[in-house]
There are 2 protein chains.
Amino acid sequence: MTYSISEVAKKLNLTAYTLRYYDKEGLMPFVERTPNGTRLFKETDIDALKIIECLKSTGMPIKEIKRFIDWCSDGDSTLQERYDMFLERKTAVKAQLEELNKTMELIDHKCNYYKTALDAGTEDIHRNNKIGTFN
Amino acid sequence: MTYSISEVAKKLNLTAYTLRYYDKEGLMPFVERTPNGTRLFKETDIDALKIIECLKSTGMPIKEIKRFIDWCSDGDSTLQERYDMFLERKTAVKAQLEELNKTMELIDHKCNYYKTALDAGTEDIHRNNKIGTFN
DNA sequence: CCTTGACTTAGAGTTAACTATAGGGTCTAT
DNA sequence: ATAGACCCTATAGTTAACTCTAAGTCAAGG
């Protein structure tokens with residue numbers, strides 16, 4: 001079973017433009033073509049794209065993802081680099097989770113602040129522990 | 001106690017360029033100036049900037065943050081809008097946390113994959129449950 | 001046979017968020 | 001009083017990641 005570029009785009013919630021852009025940037029050297037040049041995506045290609053999306057979601061720039069893709073092409077000699085890369089990603093994601101949890105706390109506070117103000121009809125209810133004009 | 005733009009930049013891990021850019025975009029209408037135009041940041045201004053940074057960290061674009069700042073200037077008539085905004089942010093952050101947790105799981109899998117491969121000296125150890133050429 | 005629709009490339013354009021430069025003002029310390 | 005270290009504005013440049021257009025190829029249906 002193979003898929004066209006627009007089918008894959010739909011599956012991954014991307015556009016065909018974006019997939020071609022990724023290809024141009026060297027993120028998909030594995031995708032095969034029909035004799036006349038049309039891209040044919042295999043299931044494994046889609047799985048690989050999901051990993052790419054995963055790396056992207058950690059904030060990894062496309063150029064670094066390409067470096068990883070290149071390492072994959074290079075075989076066993078780059079196992080250490082790839083392992084290190086994922087360890088580094090793990091650290092990054094852990095930090096992001098911590099950051100996001102702090103953010104969530106602040107947002108919860110703001111929700112309470114505004115709920116109370118809204119019930120009172122005025123922000124003046126927080127007069128004594130307001131930050132300033134902006135809250 | 002007031003602070004100069006570069007002191008604030010250092011405190012918030014931003015550059016003075018960035019702070020001036022935020023100001024130009026209307027994110028800091030509350031910052032006062034000396035007679036000759038130099039910005040003077042109060043503690044409460046720094047607290048407000050922290051909220052701005054918090055919103056930014058949820059992926060909120062600067063133009064939407066400005067909308068919130070404008071609402072704050074408008075007073076009690078915009079309490080509902082501001083409450084709704086924070087509820088929406090809360091939903092967004094919750095989704096981001098879920099996404100990031102899934103990402104973390106995948107990355108953990110990859111770490112194990114590469115640890116095993118590295119110990120074996122070859123990726124072939126995963127021959128039977130490999131995705132494709134890229135893993 | 002010819003139109004329609006999906007594919008192709010090359011390259012231009014867009015957007016957000018900075019980031020830097022030029023040119024000028026002001027304050028402080030020698 | 002002049003050098004150095006700040007500050008200011010206006011405006012230009014950069015970067016990443018798309019996003020789109022133009023011009024063309026190809027296969028299927030009427």
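## The largest pocket

Start with who lines the largest pocket in this predicted model: A:L12, A:N13, A:K50, A:E53, A:C54 and A:S57 from chain A, along with B:E99, B:K102, B:T103 and B:L106 from chain B. Two elements give two or more residues each to that lining, namely α3 of chain A and α5 (79-120) of chain B.

How big is the largest pocket? Its volume comes to about 260 Å³. As for chemistry, the lining splits into 3 nonpolar, 3 polar and 4 charged residues.

## α1 and α3 in chain A

Two residues from the pocket list, A:L12 and A:K50, turn up again where α1(A) meets α3(A). Here A:V8, A:K11 and A:L12 on the α1(A) side touch A:I46, A:L49 and A:K50 on the α3(A) side. Sort that contact by class and you get 4 nonpolar and 2 charged residues, with no polar ones.

As for geometry, α1 of chain A covers residues 5-12 and α3 of chain A covers residues 43-57; they pack at an angle of about 45°, and their axes sit 11 Å apart. Why call this pair oblique? An angle of about 45° is neither under 35 degrees nor in the 65 to 115 range, so it falls into the oblique class, and α1(A) and α3(A) are therefore oblique to each other. Their crossing is right-handed.

## α3 and α4 in chain B

Over in chain B, α3 (residues 43-57) and α4 (residues 62-74) have axes that come within 10 Å and cross at roughly 140°. That angle isn't over 145, so the pair doesn't count as roughly antiparallel; α3(B) and α4(B) are therefore oblique to each other. This crossing is right-handed.

Which residues do the touching? From α3(B) come B:I52, B:L55 and B:K56, and they meet B:I65, B:F68 and B:I69 of α4(B). By class, that contact holds 5 nonpolar residues, 1 charged residue and no polar ones.

## Across the chains: α5 of A with α3 of B

α3(B) also packs against a helix of chain A: the axes of α5(A), which spans residues 79-120, and α3(B) come within 10 Å and cross at roughly 120°. Since 120° lies outside the 65 to 115 range and isn't over 145, α5(A) and α3(B) are therefore oblique to each other. The crossing of α5(A) and α3(B) is left-handed.

On the α5(A) side, the contact uses A:E99, A:L100, A:T103, A:L106, A:I107 and A:K110, while α3(B) brings B:I51, B:C54 and B:S57. Those residues divide into 5 nonpolar, 2 polar and 2 charged.

Note on methods. Residues numbered from 1 in each chain as written. Chains lettered and ligands numbered in written order. Predicted model: local features only at pLDDT ≥ 70, side-chain atom pairs only at ≥ 80, totals over all residues. Heavy atoms only, no water. Axes fitted to C-alpha atoms, helices over the stretch in contact; angles between N-to-C directions. Helix = DSSP H or I, 4+ residues; strand = E, 2+ residues; numbered from the N terminus. Left-handed = near helix turned anticlockwise from the far one by under 90°. Contact = heavy atoms within 4.5 Å. Nonpolar A, V, L, I, M, F, W, Y, C, P; charged D, E, K, R; others polar. 1 Å grid on protein atoms, 1.4 Å probe; cavity = no way out; pocket = protein on both sides within 12 Å on 5 of 7 lines; lining within 4 Å. Points joined across faces, edges and corners; volume = space filled by probe spheres on them.
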